[in-house]
Amino acid sequence: MITVYGAYGFPPFLKGIVRDLRVYWALEELGLAYDIHWMDSSKGEHRENSNRLINPFGKIPSMVDGGQRMFETGAIVLYLYENAGKAPQDAHARAEVNQWCFAALNTVEPVFLDILRWDKFWMEKTGRAERYPELMGFADERLADLARAMGDKHYLVGNVFGPADILMTTVLDFARHEPKIFENHPAIRAYLERCHARPAYQRALAKQGVGPKANAA
Ligand SMILES: N[C@@H](CCC(=O)N[C@@H](CS)C(=O)NCC(=O)O)C(=O)O
């Protein structure tokens, strides 16, 4: 049985944002059974030893699948698809999937995560006046590049929904509180709507953050 170490007790605006959603979403897409080991993030339970034994950085989420103990959402999502036999066998096709996963996490996430930080966590921090407009420029550039790369495809790789879409959607969602960022990018808005409309996403979102009371119910 797969156990996801996921969070509850976080502020409501973080629903759809906390990265455990990526793992629930992959599991729902793949139709795999799983338990959730709930960690109260308001009490910092993710920084305790039970999570650190799996996740050296004490972050959310972690995952255990039998003897396989994992951290880092990109690695977890790719592992789940591969282990379910849903990763391409061909090295070239697999490289395509991997490069879009890395693009989501390395090229797009830093920009969109910083938007979330400045808007929701760093209200008192100095430097916003200089940094924020620059960040908006980077976000616009990333979205334009992404739209150009996707062309009229519905999904990132091979026009079939997969791990890269889970990562890209959840990365872009770091700025979901600021819809004007997406105003000039209708193709990306449509891509996000398409991914959000997936039943597996809806089920994952419904599970996120509900906490141990849900297990008892
Ligand atoms: N690169 C890691 C990032 C994990 C991460 O930073 N998770 C956040 C929640 S989305 C967290 O644990 N925050 C609480 C903290 O840092 O104490 C991944 O993708 O798994």
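## Loops, helices and domains of a two-domain chain

Glu72 is placed in the loop that links strand E4 (68-71) to helix H3, where helices (H or I, at least four residues) and strands (E, at least two) are DSSP runs numbered from the N terminus. The model is predicted, and for this reason local features need pLDDT of at least 70 and side-chain atom pairs count only at pLDDT 80 or more, whereas totals for chains, interfaces and linings use all residues. Residues are numbered from 1 along each chain as its sequence is written.

**Backbone at the loops**

Phi of Glu72 is positive, near 75°, although the residue is not a glycine. Because Glu72 has 17 C-beta neighbours inside 10 Å, it counts as partly exposed; in this scheme a residue is buried with 20 or more other C-beta atoms within 10 Å of its own, exposed with 12 or fewer, and partly exposed in between, the C-beta atoms being placed from the backbone. Asn159, also not a glycine, has a positive phi too, and because it has 10 C-beta neighbours inside 10 Å it counts as exposed. The table lists residues with positive phi.

| Residue | Phi | Place |
|---|---|---|
| Glu72 | near 75° | loop between E4 (68-71) and H3 |
| Gly151 | about 55° | just after H5 |
| Asn159 | about 60° | loop between H5 and H6 |

A further backbone feature is the cis peptide bond from Ile60 to Pro61, with omega near 0°; Pro61 is found in the loop between helix H2 (49-52) and strand E3 (62-65).

**Ligand shell**

Ile60 and Glu72 also belong to the shell around the ligand, together with Val18, Arg19, His46, Lys59 and Thr73, a residue being near a molecule if its C-beta atom, placed from the backbone, lies within 6 Å of it. By class, this shell has 2 nonpolar, 2 polar and 3 charged residues, where Ala, Val, Leu, Ile, Met, Phe, Trp, Tyr, Cys and Pro count as nonpolar, Asp, Glu, Lys and Arg as charged, and the others, Gly among them, as polar.

**Domains**

Domain 1 spans 2-86 + 201-216 and domain 2 spans 91-198, with bounds that come from an automatic or database domain assignment. Their C-alpha centres lie 21 Å apart, and 13 residues of domain 1 are in contact with 15 residues of domain 2, contact meaning that the C-beta atoms, placed from the backbone, lie within 7 Å. On the side of domain 1 that touches domain 2, the elements giving two or more residues are helix H1 (20-30) and helix H3 (73-83), and by class this side has 9 nonpolar, 2 polar and 2 charged residues.

**Helices and strands**

Helix H5 (residues 128-150) has 23 residues and reaches 32 Å from its first C-alpha to its last, close to the 33 Å expected at 1.5 Å a residue, the expected span being 1.5 Å times one less than the number of residues. Leu135, Ala139, Arg142, Leu143 and Leu146 of H5 are buried, and their cover includes helix H4 (91-121) and helix H7 (186-196). An α-helix has 3.6 residues a turn, so residues three or four places apart point the same way. In helix H6 (residues 163-172), 10 of the 10 residues are buried, and the elements that cover them include H1, H3, H4 and H7.

Strand E1 (residues 2-8) is largely enclosed by the rest of the structure, because 5 of its 7 residues are buried. E1 and strand E2 (residues 34-40) run parallel and are joined by 7 bridges, pairing requiring at least two DSSP bridges between two strands; Tyr5 stands opposite His37 in E2.

Technical notes: Contact = placed C-beta atoms within 7 Å.
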